[in-house]
Amino acid sequence: MAQTDYTIFEILQMDACTGCSLCADVCPAVSATEDGKLSGVYRINELRRIMRSRTGLLQKFFGKQALSQELLKPFSDTVFRCTLCGRCQQICPSGIRLKDLWLSLRQDLVHCEAYPQKVDMIGENLAESHNVFDEDNEARAEWVEDMPDAPDHGYIKDQADVVYFTGCVSAYFPMAQTIPMALVEILDAARVDFTLLGEDEWCCGFPMLGAGLRDQVKDLIDHNLEAVRAKGAKKVVFSCPSCYQMWREHYPKEFEIYHVTQFLNELITSGQLALNELSLTVTYHDPCDLGRGSGEYEAPRQIIRSIPGVELVEMVHNSENCLCCGGGGNLEMIDAGLSSDIAKAKIGEVLQTGAQTVVTACQQCVRTMTTYARRNKAAIEVMDITQLVQKALAGKDRPGIG
Ligand code: SF4
Ligand code: SF4
């Protein structure tokens, strides 16, 4: 392990941990497994112990033994069983930026070759295919062909004011493709001059960060920046909160960037989008990377409230305290069972509200909650906010796509 994988700030912050265990109390992975080794407090204690063994007397006397794979592998198994939901960071009274620390720790473990095998798959897929599913990247906008009224240009223009960056999950996963289908229809209705990047869109790089492969994101970032520049666009819109957060935190500030909830809220407020009445009671699930990760809680709620006839009922845990759906941090690839157990707690709280529909603003949350609800026959409809707006555009009696 190498100290250089951490910033000085992260190293200093580790000592601010008082051991209060509040991070364990709110951790969805700990709640689902009752295993304290998945908690932030355990992880930070282990990390401090490892750091000491690396630099102090232990290292001098025991050398490499103190950092053997035997010690690191079981620790690594706990580190990667985390959704990177950020609830631990949000509650930590010492203000430790735990989510950043978990990303640096994953990178550190990758450098030590103590990591789950799936990490190699993520790295290879992205390096070779430029998308997380190892699909043909030329097929990134193939979902447009399934739209009955798609224009001849297939939403890929040479130049446009706005680029809609779809993200890997929405581009390739059939259950999520209804989201970009809904969004392009909405942008057309609002007469927004937009384009997709098509095969020139590469993964934003967020799965690489989550896998501990921070060293490898630069190519993806450089490529995507160049692709947006080539369109002459000033604005980039994301329906994926992780892509949005990645661009917000790791890309140079060259374009105006918006999560779709912010962009649509502006279109509604400015009168460019008129929404019809729907008769629906909904609850709203804050995606971790949009809410705690990017601080956007209001835009989606304003959109929901702007649709006549839609009633919003909040869950017990909402906004900054919202429970994770189980789909973040590459957890589904690392431990699908744990991801599903976390989704169970989420859907349980959704059902308590009595809402007909849970609306969210993330294709991965839609996938995770829908999969759990279908498998377990939970009486709840799961919908992305773009699909809700599409329904409101169509009006009460006309179904939207999806
Ligand atoms: S909440 Fe913060 S201070 Fe408390 S145990 Fe967790 S990391 Fe340490
Ligand atoms: S990021 Fe979420 S899942 Fe990971 S340790 Fe923190 S609270 Fe637990």
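Two strands pair if DSSP finds at least two bridges between them. In this predicted model, strand S3 (residues 235-238) and strand S4 (residues 256-259) meet that condition, with four bridges joining them. The two strands run parallel. Val236 of the pair stands opposite Ile257 in S4. Between the strands, the chain passes through helix H14 (residues 241-250). The resulting β-α-β crossover is right-handed.

**The nonpolar core**

Val236 also belongs to the largest nonpolar core, which has 122 residues. Val236, Phe238, Cys243, Trp247 and Met369 have the most contacts inside this core. Trp247 links several of these names. Leaving aside residues up to four places away in sequence, Trp247 touches Cys204, Val236, Phe238 and Ile257. Val236 and Ile257, both touched by Trp247, are the residues that stand opposite each other across S3 and S4.

**Strand S5 and its partners**

Strand S5 spans residues 280-284. Four of its five residues are buried, so S5 is largely enclosed by the rest of the structure. S5 pairs with strand S6 (residues 310-312) and with strand S7 (residues 357-360). The pairings with S5 compare as follows.

| Partner of S5 | Sense | Bridges | Opposed residues |
|---|---|---|---|
| S6 (residues 310-312) | parallel | three | Val282 and Leu312 |
| S7 (residues 357-360) | parallel | three | Thr283 and Val358 |

From S5 the chain reaches S6 by way of helix H16 (residues 298-305). This β-α-β crossover is right-handed.

**Helices H15 and H20**

Helix H15 covers residues 260-269 and includes Ile268. Is Ile268 buried or exposed? Ile268 is buried, because 20 other C-beta atoms lie within 10 Å, and a residue counts as buried at 20 or more. Its contacts, not counting residues up to four places away in sequence, are Leu273, Leu275, Ile303 and Ser306. Arg87 lies 181 residues from Ile268 along the chain, and the C-alpha atoms of the two are separated by 31 Å.

Helix H20 (residues 385-394) has ten residues, eight of them buried, so the helix is largely enclosed by the rest of the structure. Its buried residues are Ile385, Thr386, Gln387, Leu388, Val389, Gln390, Lys391 and Ala392. What covers them? The cover includes helix H11 (178-189), H15, H16, S7 and strand S8 (381-384).

**The two ligand shells**

Ligand 1 has 16 residues around it. Cys17, Cys20, Cys23, Val41 and Cys92 come nearest. Helix H2 (22-26) and helix H4 (40-55) each supply at least two residues of this shell. H4 gives the most, with three residues. By class, the shell has eleven nonpolar, five polar and no charged residues.

Ligand 2 is surrounded by 14 residues. The closest are Cys27, Cys82, Cys85, Arg87 and Cys88. Three helices give two or more residues to this shell: helix H3 (28-33), helix H7 (87-91) and helix H8 (98-111). How many charged residues does the shell around ligand 2 have? There are two, together with nine nonpolar and three polar residues. Arg87, one of the closest residues to ligand 2, is also the residue whose C-alpha atom is separated by 31 Å from that of Ile268.

How values were computed: Residues are numbered from 1 along each chain as its sequence is written. Chains are lettered from A and ligands numbered from 1 in the order in which they are written. This is a predicted model: local features need pLDDT of at least 70, side-chain atom pairs count only at pLDDT 80 or more; totals for chains, interfaces and linings use all residues. A nonpolar core is a set of buried Ala, Val, Leu, Ile, Met, Phe, Trp, Tyr and Cys residues joined through C-beta atoms within 7 Å. A residue is buried if 20 or more other C-beta atoms lie within 10 Å of its own, exposed if 12 or fewer, and partly exposed in between; C-beta atoms are placed from the backbone. Two residues are in contact if their C-beta atoms, placed from the backbone, lie within 7 Å. A residue is near a molecule or strand if its C-beta atom, placed from the backbone, lies within 6 Å of it. Ala, Val, Leu, Ile, Met, Phe, Trp, Tyr, Cys and Pro count as nonpolar, Asp, Glu, Lys and Arg as charged, and the others, Gly among them, as polar. A crossover is right-handed if, with the strands pointing away from the viewer, the path from the first strand over the helix to the second runs clockwise.
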